[in-house]
Amino acid sequence: MITNPRRIVGSNAERTRLHNRQVVLGHVREKQPIGRAEIARISGLSTQAVSNIIAELEEDGLLLEAGRQSGGRGLPALQYRLNGDGAAALGIEVRPDAMFGALVNLEGETLFTTREALAGNSPATVAAVARKIRGEALAARLMSDQRILGAGVVMPGPFGNVGISGAGQSALQGWEDTNATALFEDALHMAVIVENDATAAAVAERVRGVASDLRTFCFIYFGAGLGLGVVADGEVQRGTFGNAGEIGHVVMTPGGRQCACGNKGCLETYASRIAAQAELAKAGIEVGSASDIERLYQERNPELMAWLDVAAGPLSQAIGMIENLFDPETVILGGAMPDAVLDHLISILTLPGGSVAVRPDRKTPRVLRGASGRLTAALGGAALVIHDTITPRITAKT
């Protein structure tokens, strides 16, 4: 059965002013350049309402005129596009041993990036480093009058005091009872969205990456462990407490390797940076960063190549499960793993034939590598703020 996609609509009465602004911005982003009449037609708003909103958005510096387009008789219609330089968003990723920062403009272009090592990852230490990143980012801004929409702070899950909190090397210690949003808003002096790293990575690919033309996809994020970001019909899927997508702690090999969460056979114990580091450590090889893994891959290190061969099996099973659960257009691999390693891993996957993804009319490969690289999650943090600015939270079926 094929269903019709939802159309994002506005309302001349019931919906809020903010929603209607997001409707207009969302349609401009997807179809720019675009005129008032076309926005009114596809959104359900009156032409006058669209004109008023466009005037506000121009005044706020978010839209620019983009010339005129002839459409027959009469004066050619004015067209509009996003003003990329009109606003920017800050993204910060917190990993157990480092923090990454990125400043991104309204069209997803990267203006600034940085990396800061962490001696510890307590809330107080992380807040202090976040303040430093904010100062460096604002000092490096290319446009002095650019609005800062807010910050997206990205952290490894799970959030809250749950059964796998504090499990292993991928976890931040001492955060279970911390109000992360309040902590970062106080440190950064701006509105903050806190999100898990895999979800943020998925949004980064949606805003400016291999998923820019996709509406439903899944993103397997390689941090220290593994996470899963899900975008369905353009909407981010977060779960009740923001913990949707803990794919690393799904058991793929019952009775298999012991995981720090208490389970045996979790995917993370086979296919993650933690798993790679553990296997290489057995051969006396210490791996401290993705650059170390990249170097070993270039050397065709036998221990790393053996790990890749082992990781491909459980990861293939997990991808088949994800396909059958979410019916995505594609599954994307990315994050803190070298591109060459991800490409190799994708090339040796043995994807199951019993999957809803196996169909003759596929337009994209079942698995793709992400385009945003090692800064995917930090860029995703900024992209979350942009996404919330230009994407309506309320949708309706037509």
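## What counts as touching

Two residues are in contact here when heavy atoms of one lie within 4.5 Å of heavy atoms of the other. Keep that cut-off in mind as you look around the structure, which is a predicted model.

## The chain as a whole

Let's start with the overall picture. The protein chain has 398 residues, and 53% of them are buried. Its secondary structure consists of 11 helices and 13 strands.

How much surface does the chain expose? The figure is about 17400 Å², and 50% of that comes from carbon and sulfur atoms. Sequence separation is worth a look too: take the contacts between residues at least 6 apart in sequence, and 63% of them join residues at least 24 apart.

## Helices α1 and α2

Helix α1 covers residues 17–31 and helix α2 covers residues 36–43; their axes come within 10 Å and cross at roughly 115°. The range for roughly perpendicular runs from 65 to 115 degrees, so α1 is described as roughly perpendicular to α2. The crossing of this pair is right-handed.

Which residues bring the two helices together? From α1 come Val23, Val24, His27, Val28 and Lys31, while α2 supplies Glu38, Ile39, Ile42 and Ser43. Sorted by class, this contact holds five nonpolar, two polar and two charged residues. His27 and Ser43 belong to the polar class, because they are neither on the nonpolar list nor on the charged one.

## Glu30 and the bond after Gln32

Stay with α1 for a moment, since Glu30 also sits in this helix. Is Glu30 buried, exposed or partly exposed? Its relative accessible area is 45%, which makes Glu30 partly exposed, because that class lies between the 20% and 50% limits. Apart from residues up to four places away in sequence, Glu30 touches Arg206 and Arg215. There is a long-range pairing here as well: Glu30 and Ser212 are 182 residues apart in sequence, yet their C-alpha atoms are 9.6 Å apart in space.

A little further along, Gln32 and Pro33 are joined by a cis peptide bond, with omega at about -5°. In general, most peptide bonds are trans. Pro33 lies in the loop that runs between α1 and β1 (34–35).

## Helices α7 and α9

A second helix pair is formed by α7 (residues 273–282) and α9 (residues 302–326), whose axes are 9 Å apart and meet at an angle of about 135°. That angle makes α7 and α9 oblique to each other, because roughly perpendicular stops at 115 degrees and roughly antiparallel needs over 145. The α7 and α9 crossing is right-handed.

On the α7 side, the contact is made by Ala275, Ala276, Glu279 and Leu280; on the α9 side, by Glu303, Leu304 and Trp307. By class, that gives five nonpolar residues, two charged ones and no polar ones. Glu279 and Glu303 are in the charged class, because Glu is counted there.

## Two buried residues

Ala357 is in the loop between α10 (339–347) and β13 (367–369). With a relative accessibility of 4%, Ala357 counts as buried, because the limit for buried is under 20%. What does Ala357 touch? Leaving out residues up to four places away in sequence, its contacts are Glu323, Arg362 and Arg366. Thr330 is 27 residues from Ala357 in sequence, and 8.2 Å separates the two from C-alpha to C-alpha.

His387, in contrast, is placed in a helix: α11, residues 376–390. His387 is also buried, at 11% relative accessible area. Setting aside neighbours within four places in sequence, His387 is in contact with Val203, Gly234 and Val236.

## Positive phi angles

Most residues other than glycine have a negative phi. Two residues are worth finding with that in mind. His189 is not a glycine, but has a positive phi of about 60°. The loop that holds His189 runs between α5 (180–188) and β8 (192–196). Is His189 buried or exposed? At 61% relative accessibility, His189 counts as exposed, because exposed means over 50%.

Asp233 has a positive phi too, of about 50°, and is not a glycine. You'll find Asp233 in the loop between β10 (226–232) and β11 (235–236).

Note on methods: Residues numbered from 1 in each chain as written. Predicted model: local features only at pLDDT ≥ 70, side-chain atom pairs only at ≥ 80, totals over all residues. Heavy atoms only, no water. Helix = DSSP H or I, 4+ residues; strand = E, 2+ residues; numbered from the N terminus. Buried < 20%, exposed > 50% of the residue type's maximum accessible area, 1.4 Å probe, protein only. Areas by Shrake-Rupley, 256 points an atom, 1.4 Å probe, with all protein chains shown as cover. Axes fitted to C-alpha atoms, helices over the stretch in contact; angles between N-to-C directions. Parallel < 35°, antiparallel > 145°, perpendicular 65-115°, else oblique. Left-handed = near helix turned anticlockwise from the far one by under 90°.
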